[in-house]
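Please open the model in a viewer that allows selection by residue number. The stops below are meant to be followed in order.

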Amino acid sequence: MTGNQPDHQQSAHEPKHKKDLTRRKVVVAGAGAAVAVGAGGTLAASGAFAGETSTTATSSSTSTASEVCYKLTSETTEGPYYIDADKIRQDITEDKEGIPLTLRLKVIDSETCKPIANAAVDIWHCDALGIYSGYESSSTGGGTAPTDAPSGTPSGTPTGEPPSGAPTGGTGGGVHQEPTDDERYLRGTWKTDKHGQVTFRTVFPGWYRGRCVHIHTKVHVNGEWTEAGYEGGNTCHTGQFFFDEESVLASAEVEPYSTSTTERTTLTEDTIYDQSGTTGGLLKLTYNKKNIAKGVIGSLTMGVDPDATNDNN
C-alpha cells in the first residue's frame, strides 16, 4: 500500500477477528502481488447503476431541499461467518472454481444522493458448493453426489431445520462464530473511488441449506485509510446481495454447481430477503443467457445513512 491508496498488497500476518468495529483495523494480505482489477486492466465506472432513482430539482414550491432521492438499502443480519476485513483486495477468487462474477457497486448518501468516497466495502460469500472460507468444518455445503444419488438441478423447498451451527434464515440469521481455519477465499475489502464506486472480481456463489444464493456486505465510513489498512469510523450498512431465480437455475446446470446435492431455497422462500427488489439487495445481472458459464456482471447502488451505525451482528 502506498499512502492512503490500497493499490498493492503487502506482506502481513493474518489478523485475529475483532468485534470492535468502532476501532476496526484491516491488514493488507499477500506478498507484493499486484491487485487484479478486472478484465482489460481497468474498471470503467458507469453512471447508470441498478436501483438509482435520483430526483431532478424543479422551481416548484412543493420541492424541498430535504426531499429524499433514494431509498435506504435494506439492513440484514451479518450472519455467523463474518471475519473483520481480512484482506484488502478486489479479486477475491483465489483458486476457487465457478462462474466468473464481476460485482460493480456504488455507495451513495440516501438523503443527498451524493457518492460516498473512501468508504471501506467488505464482501464475503460461500463457494460454488456452499462452503465458507474460515469455517470449512462448520459450513453445510453439498459436494459431489454419490453414484446412487439422483443428479440434476437442485430444487424444491428444504425440509426440517438446518443443522446446529449452520448459517440459517430466520430473524437472527445465526450467531457469530469464531473462525475454524485459516482459509480466506471469497472475502475481501476495497475502497470506493470519488464516484462512490467499487468493483470486485469473484465467482457466482452456490447455496446451502436454508438460504437462497446471496453475498454478504458491510460498508464502513468516517474512518481513515492508513498504511496498515482502515481504522475507526462506523459501520453504516450491513446487508446482503441476492440473485434472481433465472440466473441461479442457469448456474445450477454448470459444474461445479451441478454436483451439489443440497436442497435449494428459492428467492421467494428465503427468510432474509425482504422481496423489495433492488432496495432489498437484488442485483441487476448481465450475462449471456445461452452460456452463463462465460461470466456474469452484477451491479447495485447502495443508499446508506453515513451517520448511522448498523453492525447487525
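Select β2 and β5: the two strands run antiparallel and are joined by 5 bridges. Strands here are DSSP runs of E with at least two residues, helices are runs of H or I with at least four, and both are numbered from the N terminus; two strands pair if DSSP finds at least two bridges between them. The model is a predicted one, in which local features need pLDDT of at least 70 and side-chain atom pairs count only at pLDDT 80 or more, while totals for chains, interfaces and linings use all residues. Residues are numbered from 1 along each chain as its sequence is written, and side-chain values use heavy atoms, with hydrogens and water left out.

**First stop: the sheet around β2**

Within the β2-β5 pairing, Asp-122 stands opposite Lys-218 in β5. Now add β3, which is joined to β2 by 5 bridges and runs antiparallel to β2; there Asp-122 stands opposite Thr-189. With β8 included, the selection shows an open sheet of 4 strands in the order β3-β2-β5-β8, with antiparallel pairing. Its edge strands, each pairing on one side only, are β3 (187-191) and β8 (234-242). On average, neighbouring strands of this sheet are turned by 20° against each other, direction ignored; the axes are lines fitted to C-alpha atoms, for helices over the stretch in contact, and angles run from 0 to 180 degrees between N-to-C directions.

Colour β2 by accessibility next: 5 of its 5 residues are buried, where buried means under 20% relative accessible area, exposed over 50% and partly exposed in between (1.4 Å probe, protein chains only). In a regular strand the side chains alternate between the two faces of the sheet. In β2, Ala-120, Asp-122 and Trp-124 point one way, whereas Val-121 and Ile-123 point the other way.

**Second stop: Lys-218**

Centre the view on Lys-218, which lies in strand β5. Is Lys-218 buried or exposed? Its relative accessibility is 0%, so Lys-218 counts as buried. Strand β5 (residues 214-221) and β8 pair in the antiparallel sense over 8 bridges, and the bridge partner of Lys-218 in β8 is Thr-238. The side chains of Lys-218 and Thr-238 also make a polar contact at 3.0 Å. A further polar contact, at 3.1 Å, joins the side chain of Lys-218 to that of Glu-78. A polar contact is a pair of N or O atoms within 3.5 Å; within protein, one must be able to donate a hydrogen and the other to accept it, and residues adjacent in sequence count only if both atoms are side-chain atoms.

**Third stop: the other sheet**

Select β4, β1, β10 and β9, which form an open sheet of 4 strands in that order, with mixed pairing. The edge strands are β4 (197-203) and β9 (284-287). Strand β1 (residues 100-109) and β4 run antiparallel and are joined by 7 bridges, with Arg-104 opposite Thr-199 in β4. At the other edge, β9 pairs with strand β10 (residues 296-304) in the antiparallel sense over 4 bridges, and Thr-286 stands opposite Ile-297. Of the 7 residues in β4, 6 are buried.

**Fourth stop: the nonpolar cores**

Show the side chains of Leu-105, Ile-123, Phe-200, Phe-241 and Phe-243, which touch the most other members of the largest nonpolar core, a set of 43 residues. Such a core consists of buried Ala, Val, Leu, Ile, Met, Phe, Trp, Tyr and Cys residues joined through side-chain atoms within 4.5 Å. Two or more residues each come from β1, β2, β4, β5, β8, β9 and β10. A second, separate core of 8 residues includes Tyr-81, Trp-124, Cys-126 and Tyr-132.

**Last stop: aromatic pairs**

Which aromatic pair is formed by Phe-204 and Phe-243? The pair is tilted, with 4.7 Å centre to centre and 55° between the planes. Rings of Phe, Tyr and Trp (its six-membered ring) pair if their centres lie within 6.5 Å; planes under 30 degrees apart count as stacked, over 60 as edge-to-face and the rest as tilted. Phe-204 sits in the loop between β4 and β5, and Phe-243 in the loop between β8 and α1 (245-251), 39 residues apart. Finally, select Tyr-81, Tyr-132, Tyr-135 and Tyr-208, which ring pairs link into a cluster.
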